[in-house]
Structure formats: structure tokens, C-alpha cells
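Please open the model in your viewer and set the side chains to be selectable one residue at a time. The tour below moves from one charged pair to the next.

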Amino acid sequence: MVSQIRFLMCAPDHYDVDYVINPWMEGNIHKSSRDRAVEQWNKLYHVIKDHAIVDLVAPEKGWPDMVFSANAGLVLGENVVLSRFLHKERQGEEPYFQQWFEQNGFNVYTLPKDLPFEGAGDALLDREGRWLWAGYGFRSELDSHPYLAKWLDIEVISLRLMDERFYHLDTCFCPLANGYLLYYPGAFDSYSNRVIEMRVAPEKRIAIVEADAVNFACNAVNVESIVIMNKASESLKSRLAEVGFQVIETPLTEFLKAGGAAKCLTLRVTEPIGEEIYANASVESRVIRMEGHLLDAGLINRALDLIVEMGGSFQVLKFNLGEQRQSTSAAEVRVSAPSHEVMEEIISQLIDLGAVDLPQDERDTRLEPVIQAGVAPDDFYVSTIYPTEVRVNREWLKVQNQRMDGAIAISQTANGIVAKCKLLRDLEIGDKVVVDVFGIRTVRKAESREQRNSQEFSFMSSGVSSERRVEIVVEQVAWELRKIKDSGGKVVVTAGPVVIHTGGGEHLCRLVREGYVQGLLGGNAIAVHDMEQNILGTSLGVDMKRGVAVRGGHRHHLKVINTVRRFGSIAKAVEAGVVKSGVMYECVKNNIPFSLAGSIRDDGPLPDTQMNLILAQQEYSKIIEGADMILMLSSMLHSIGVGNMTPAGVKMVCVDINPAVVTKLSDRGSIESVGVVTDVGLFLSLLTQQLDKLTSPYVANVG
């Protein structure tokens with residue numbers, strides 16, 4: 001019995017691969033056989049006609065992809081949303097499909113001219129008529145989804161495509177009768193996969209493997225219990241048979257060369273309207289404004305890339321380019337996201353780049369009280385390294401104690417309302433915490449190109465330097481150190497034991513002794529091996545002068561720990577003359593504060609090592625306060641911890657032989673940070689040599 005379901009098809013009279021607009025077309029220009037294509041299309045046509053009704057639209061010369069009629073538009077009941085093709089190579093098909101729909105009695109809706117949407121290739125109805133699955137990411141824009149919801153009066157669920165091979169939703173996603181779903185999870189981002197799993201029960205989901213996906217098993221035509229496709233593995237056919245579907249294979253290899261198969265070659269034009277469907281699209285849109293040197297600093301590109309990478313879409317509404325080199329630019333961008341959850345993530349990241357959410361610019365931040373000590377309300381705003389302001393009672397307040405990974409607490413004091421960054425553990429019952437992203441902005445410096453270039457040694461922009469650039473970085477760091485010293489500033493060093501193992505200890509001693517360092521942070525090991533070297537001449541039991549292990553050397557560090565424990569502290573061991581040189585000696589003798597944070601792997605530990613993690617964090621934070629520069633020397637965990645505590649504006653240099661460590665710290669977002677992939681001993685040696693060559697421009701102003 002033939003079903004009353006109707007499909008629209010277009011004969012392949014003019015089909016060929018004439019251009020490349022998807023990965024499947026690459027290498028296949030004019031390599032398709034017209035005869036085989038006609039033969040394969042006719043077989044598909046007759047297979048479908050055996051089970052359903054097929055209408056035809058006349059092919060037009062010059063439009064070879066018109067054969068893929070699934071992209072003509074999206075039909076629901078008597079309404080159709082006409083496609084707006086992304087690529088000019090297909091845009092000429094639109095009037096022909098529009099004419100066919102109008103001649104056959106459909107109400108045709110047309111999207112704005114510059115809003116791509118590619119019909120039933122990117123929009124598929126749940127086969128029980130409950131909602132519309134809509135794809136975006138390659139051919140269709142997210143902003144088209146609210147139009148679909150409104151015009152078709154149906155709930156739209158947005159899914160983001162991630163694999164360019166599966167550029168249309170119907171290439172990797174096929175709703176089947178009775179609520180079943182055939183799909184390839186690898187084509188979607190994690191958020192979309194989660195949405196699919198929330199909507200479709202586990203027993204109804206038929207997830208396929210890549211081998212079936214690349215044969216376009218999901219690009220199938222479903223007529224009740226029949227599934228027509230190019231090719232399926234035996235295991236997939238068995239799985240479909242188990243739930244009541246019969247697979248009919250009909251080769252479509254000539255059309256795979258253009259990136260299409262059975263579903264692409266058909267458009268279902270009898271889509272029933274469910275009785276309980278309703279218009280709803282979870283797509284959320286906001287308008288942001290950015291000001292500054294958007295092109296010079298690359299901010300606008302970073303913002304637009306971020307929106308897309310996080311699953312959103314954008315439209316640049318205004319862009320006013322500065323007329324002079326010193327002028328700033330301004331942009332207004334509409335941001336769209338598939339849900340409020342994704343939008344909040346995007347806006348939070350854009351705030352870090354200095355963007356202001358325009359509709360919220362005149363709205364106070366949202367506050368919720370802390371009802372359990374040490375626990376923030378849900379959806380609390382997570383603070384960043386950048387100076388931040390929040391709008392409370394129509395006034396913008398600067399957030400105090402700026403740091404990343406905290407909450408912003410608002411409190412009433414004798415001096416008025418105060419906004420302050422707090423760690424979660426420090427939140428108290430009654431604190432009001434900023435939630436959501438309303439009424440929040442970060443303050444970014446708006447330096448022009450001329451301002452940046454006017455300084456002989458402007459600090460390097462964020463990045464990772466390889467060995468060949470070490471000397472350039474060293475020159476800049478030395479200049480900054482001299483400038484900070486002469487102006488009474490503060491430099492804090494975070495150091496790991498590798499500093500000692502690589503022979504950098506003597507150079508670090510000199511930096512401390514000559515007043516270039518005002519604080520030292522590290523763990524138990526840096527202090528232990530520093531004192532081991534200066535008491536016993538070894539580091540990890542290796543003779544530092546000869547480079548060979550000494551007999552019993554593996555016990556040396558424990559002997560040093562035991563000795564210091566006998567005196568009660570490093571300072572007392574120095575005073576007793578047991579420790580006569582080294583980094584810790586110079587810190588004690590020059591009254592340089594230091595903090596050693598312990599860990600589960602520490603031997604001893606030294607009496608100065610703080611084994612209470614929370615107290616260690618507090619000590620670190622106190623020493624960092626007011627720092628102008630932080631040198632991070634081969635200590636991954638301690639350096640990352642310090643980086644999280646440090647606000648923007650503090651110059652940071654991370655030196656490590658491991659590129660992953662350097663990248664991790666450089667990626668924290670500060671524009672005044674640089675990573676150097678090199679031996680830390682070499683770096684310190686070059687640094688002290690460069691300091692000997694410099695004459696600071698601030699010397700004349702001292703004293």
C-alpha cells in the first residue's frame with residue numbers, strides 16, 4: 001500500500017560537481033558520471049514511488065545542485081519557509097523553488113536577504129510532530145530559528161554542527177517514525193548532544209559510528225517503517241530491524257561526490273501539524289558594545305571568534321572605525337545563543353574583553369543573598385583578572401581585591417556600599433552576591449598604537465616565546481626590573497626546585513641581594529634543595545660542580561630538613577650560621593618575605609612550610625598584594641596558583657622548559673604576560689648579564 005506522504009524531487013538533468021562548497025566536493029570537480037547519476041537517481045525515485053507519492057520540480061540549466069531538493073525550503077502544513085542559500089552558487093535556485101511552492105498553494109515566507117537558512121537540509125521535524133530540530137554552524141544561521149518558530153508556530157530546538165563533513169543537519173541526523181532518532185553524535189558539540197539526550201529517550205536513540213556516518217546512513221528517507229539510504233553496515237541494519245524498521249539500500253555514490261544522498265535528493269511536502277505544538281525558540285539575543293583600539297589590539301576578532309567557538313552567532317550592527325591612529329573604534333554586535341545558559345557563558349567571556357551588554361547597561365546587577373556560609377547562590381558571576389565594575393543603585397562601583405575565580409560580594413559599610421571579590425570559602429551568611437551578567441563591565445586600557453610604540457621597551461604582548469626569542473625577552477624583563485626597582489615598585493618571584501638543579505640559584509641570589517626581588521613564593525622543595533646545595537654542595541644528591549651523583553647523596557635533602565627542624569626555622573638556622581649562602585639565606589638577610597606552600601609529597605617538611613592549604617593561599621595572596629611584576633620560574637602548580645590570584649595590570653613572566661606550562665599561564669588572558677620556553681638557569685644567567693649592561697632611565701630621579 002502506497003503511503004499518502006508526498007516528496008518533491010528534481011531530476012539530475014543538469015547535475016555535475018561544478019564548484020566546491022563542502023569538503024565532499026573537493027577533488028571531484030567534473031568527475032561525476034552523468035549516466036550513473038541519472039541511473040542512481042531513477043532507482044531512488046522508483047523506490048520512493050513504490051511507497052509514497054513523488055512530485056517533480058523542473059530542473060534549470062546552470063543550477064546543478066537543484067537536484068538536492070531538500071534545500072528548497074521547510075514545509076509544515078500549508079506553510080513553507082523558503083531557503084536563503086549561503087553560497088552564491090546556489091542562490092539562483094531560490095526563485096524557481098518559490099514559484100513551485102506558490103503554484104502548489106503554499107504560503108511562502110521569505111527570510112531577510114542576508115540571513116542564511118537552507119531549508120529541510122538544516123531543519124527536521126520530530127516524526128511525532130512535537131518540535132522542530134534546527135541545525136546551525138555551517139550553512140544556516142542561528143538567528144533564523146526564531147523566524148521558523150514564529151511562522152510555523154512550533155517549538156524549535158537548536159543544534160550546533162561541529163564537523164565540516166556534516167555541514168547540514170540532515171547529513172548526520174534523521175528523525176524516524178514513532179519517535180526514534182538515527183544520528184551521529186560526533187557531528188555535534190557537547191551542549192547539543194546533551195539537548196538530544198534530554199529530548200529523546202535512550203531506547204529511542206540509535207547512535208551510529210563514523211563508518212556509517214561517512215556513507216550518509218543518516219541522510220535517509222523515512223516512509224513509515226521503511227528507511228531508504230545509500231548504504232548501511234550489517235550491524236546498523238540489525239539495530240534498525242530490532243525496532244521495526246526495514247532498510248532499503250540504493251547506491252547514490254555519484255551524489256556523495258557533491259555531499260548528498262537520499263534525504264538531500266528529496267523534500268517531504270506533506271508535514272502534518274501536531275495538535276499541541278506551539279511557537280517557541282529558546283534562541284536568545286543581546287546587543288553588546290565594544291570600544292577601544294578594536295582592530296589594533298585584535299579585540300573585535302577575538303570577540304567574534306569567541307561567540308562562534310562557544311556556540312553562538314553574531315551580526316555586526318555598527319562599526320565606527322577611528323579616523324586617526326590615536327582614535328578609538330566602537331562596535332555594536334548582536335549576539336545570539338541557543339539557550340540562556342550558553343548566552344551567559346558567552347557574555348561572561350565578552351565582558352572579559354571589555355564588552356558592555358547594551359540593554360543591561362542601564363540595569364543594576366542582580367544580587368542574591370548567601371544563605372549558607374562558604375556557598376554562593378546558583379549562577380553567581382565568576383570574577384576575572386580584569387578590573388571590574390558593577391552597577392548598584394544606578395551607580396558603577398569598582399570591585400575591590402580583584403582576582404579571578406571568586407564571587408563579587410556587595411555589602412553596606414559606614415563608608416557606603418562596597419563591592420569586593422571573595423573566595424567561595426570566605427562568603428558569609430547575609431552577603432549579597434552578584435549573579436547572572438547584568439550590570440557588569442570590565443575596565444580595559446585603551447592604548448593606541450602610538451602610545452604602545454612610544455616606549456623603547458614596551459612590555460611584550462601575551463604569547464609564548466621560543467628559544468630564539470629568549471634574548472629579546474630577557475632584555476625587556478631586565479629593563480622592567482630596573483625600572484620597577486628605581487621607582488620603588490615590587491617584584492615577586494615564584495620558583496621551583498629546578499631553579500637550583502639548573503644552576504640558577506646563584507643568579508636568583510643576586511637578584512634578591514641587589515634589591516630586585518621583594519617577595520618569594522614556592523614550595524618545600526625550592527628551600528630544601530637551595531639549602532642542600534649551599535650546605536652540602538649537592539642538589540638531589542648530585543654534586544653541582546662535577547655533575548655526578550655522590551655516595552649517599554639521596555639522603556642529603558633529608559639531613560638538611562632535619563638540621564633546620566632542629567633549629568626551628570630557616571631564619572634561626574641562618575642566624576646560627578648553619579646556612580651561610582643561597583636564596584633562602586639572602587631572603588632572611590635582606591628581610592624579603594617568603595611563603596612555602598606544602599603538598600602531600602613533601603619530605604619533612606621544613607618547619608617554615610605551611611601545610612594548611614588555606615593558610616598558604618592567604619600567605620601567598622598577602623605577598624602578591626601590590627606587585628608590579630611576577631617572575632614565575634619553573635614551578636607549574638605554584639605559578640598557576642599565583643596566576644589565579646593576580647589581577648590584570650601586573651606584568652607576568654613565566655619561564656619553563658615545558659611548553660604546556662608556559663601556554664597554560666600565558667592563556668590566562670592578561671595582555672601584559674609572556675611565556676618563555678627555555679632552561680630557567682640559562683634565563684637567569686642572561687638576565688643578570690643584561691642587568692649589568694643597563695642604565696635605567698629612572699636613575700637620575702632617584703634620591
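**A tour of the salt bridges**

Begin by selecting Glu368, which counts as partly exposed at 30% relative accessibility, and keep in mind throughout that this is a predicted model. Add Arg366 to the selection: Arg366 forms a salt bridge with Glu368, and their closest N and O atoms lie 3.4 Å apart. Arg366 is likewise partly exposed, its relative accessible area being 35%.

Next, select Arg510 together with Asp692, whose salt bridge brings the closest N and O atoms to 2.2 Å from each other. This pair links distant parts of the chain, since Arg510 sits in helix α14 (residues 505-513) and Asp692 in helix α22 (residues 680-693), 182 residues apart. Asp692 counts as exposed, because its relative accessibility of 51% is over the 50% cut-off.

Then move to Arg165 and Glu210, another salt bridge, in which the closest N and O atoms are 2.8 Å apart. Here too the pair links distant parts of the chain, with Arg165 in the loop between β8 (155-160) and β9 (173-175) and Glu210 in helix α6 (residues 210-213), 45 residues apart. Colouring by accessibility, you should find Arg165 partly exposed at a relative accessible area of 23%, and Glu210 also partly exposed, at 38%.

For the last stop, select Arg36, Glu254 and Lys257 at once, as these residues are linked in a network of salt bridges. Should you wish to continue on your own, the structure holds 35 salt bridges.

Note on methods. Residues numbered from 1 in each chain as written. Predicted model: local features only at pLDDT ≥ 70, side-chain atom pairs only at ≥ 80, totals over all residues. Heavy atoms only, no water. Salt bridge = Lys/Arg side-chain N within 4 Å of Asp/Glu carboxyl O. Helix = DSSP H or I, 4+ residues; strand = E, 2+ residues; numbered from the N terminus. Buried < 20%, exposed > 50% of the residue type's maximum accessible area, 1.4 Å probe, protein only.
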